[in-house]
Amino acid sequence: MATPHNSAEPGDFAPAVLMPGDPKRAERMAQQILADARMVTDVRGIMGFTGAYAGDGPNQGRPLSVMASGMGMPSIAIYAYELYSQYGVERIIRVGTAGGIADEVSVGDVVIGVGAHTTSQMNELRIPGTHFSAVADLTMAAAAKAAAGGDARVFTGTILSEDHFYFKLPGQLDALRAHHVLAVEMEAASLYGVAASFGKAALAVLTVSDHLTKTEPPMTSDERESAFQGALKLSVAAAFAA
């Protein structure tokens, strides 16, 4: 049955969904990695596609879906909730960009977010009297890390999910660096919370597109598209980890 935000029918989604934020990127990703891809939803311009994985290796031909999330935690929470609860999806992998924070990461690196701190209240009331820990599925995180093959430009650690894109509290970045938080983005903590509520799996694999504490030039739009391939490879490995 279709939902208020998704016009797909039961069975239209594969067990694993790759989820970039940008609908156009979701379309390009589907064209790149899926054979016989078909659009299964486009409500509010948020496009979702399902097809057979077209890459090499043992997972070739297995069903896989790609769907955009839009920007921010409320948006991804809506789509993840409906995918998990109405469409039988078991695994969602956010494939996106992030701003670097830690000294050890640089523009162009890939971050596997095993845990997501947050300044949002999206998870605040999930468990009364308890600070909810937003963590990724470790099986998928391990599969993504293994697919990196020892690549020194792939990092595993915690990230920060923010509601604000431009606003930062005084001293916040220094404290995050001191605690070795790798990068900041706007969706993962909420995705991890929704996954936990359904006993499902979630992971964020992020390309560092700019750096907030080092003087490195940000990626151009073209550079983002080419650098994005590394994160995509790891995300596919995570999607088929179960």
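**Exercise 1. Find the volume of the largest pocket, then work out what lines it.**

Step 1: Start with size: the largest pocket fills about 660 Å³. A pocket here is an open set of points on a 1 Å grid over the protein atoms alone, with protein on both sides within 12 Å along at least five of seven lines, and its lining residues have an atom within 4 Å of a point. The volume is the space filled by probe spheres set on the points.

Step 2: Look to the middle. Met-71, Thr-97, Phe-165, Met-186 and Arg-224 sit closest to the pocket's centre, out of 25 lining residues.

Step 3: Go element by element. Those giving two or more residues include α1 (23-33) and α6 (221-239), while β5 gives the most, with 6. Helices (H or I, at least four residues) and strands (E, at least two) are DSSP runs.

Step 4: Sort by class: 7 nonpolar, 7 polar and 11 charged.

A word on the model: it's predicted, so local features need pLDDT of at least 70 and side-chain atom pairs 80 or more, while totals for chains, interfaces and linings use all residues. Residues are numbered from 1 along each chain, and side-chain values use heavy atoms, without hydrogens or water.

**Exercise 2. Sort the lining of the second largest pocket by class.**

Step 1: This pocket has a volume of about 250 Å³.

Step 2: Its lining includes His-117, Glu-124, His-131 and Phe-132.

Step 3: The split is 4 nonpolar, 7 polar and 1 charged.

**Exercise 3. Name residues that Leu-18 touches.**

Step 1: Contact means heavy atoms within 4.5 Å.

Step 2: Leaving out residues up to four places away in sequence, Leu-18 touches Met-29, Ile-33 and Leu-232, among others.

Notes:
On a 1 Å grid over the protein atoms alone, a cavity is a set of points where a 1.4 Å probe fits but cannot get out, and a pocket is an open set with protein on both sides within 12 Å along at least five of seven lines; lining residues have an atom within 4 Å of a point. Ala, Val, Leu, Ile, Met, Phe, Trp, Tyr, Cys and Pro count as nonpolar, Asp, Glu, Lys and Arg as charged, and the others, Gly among them, as polar.
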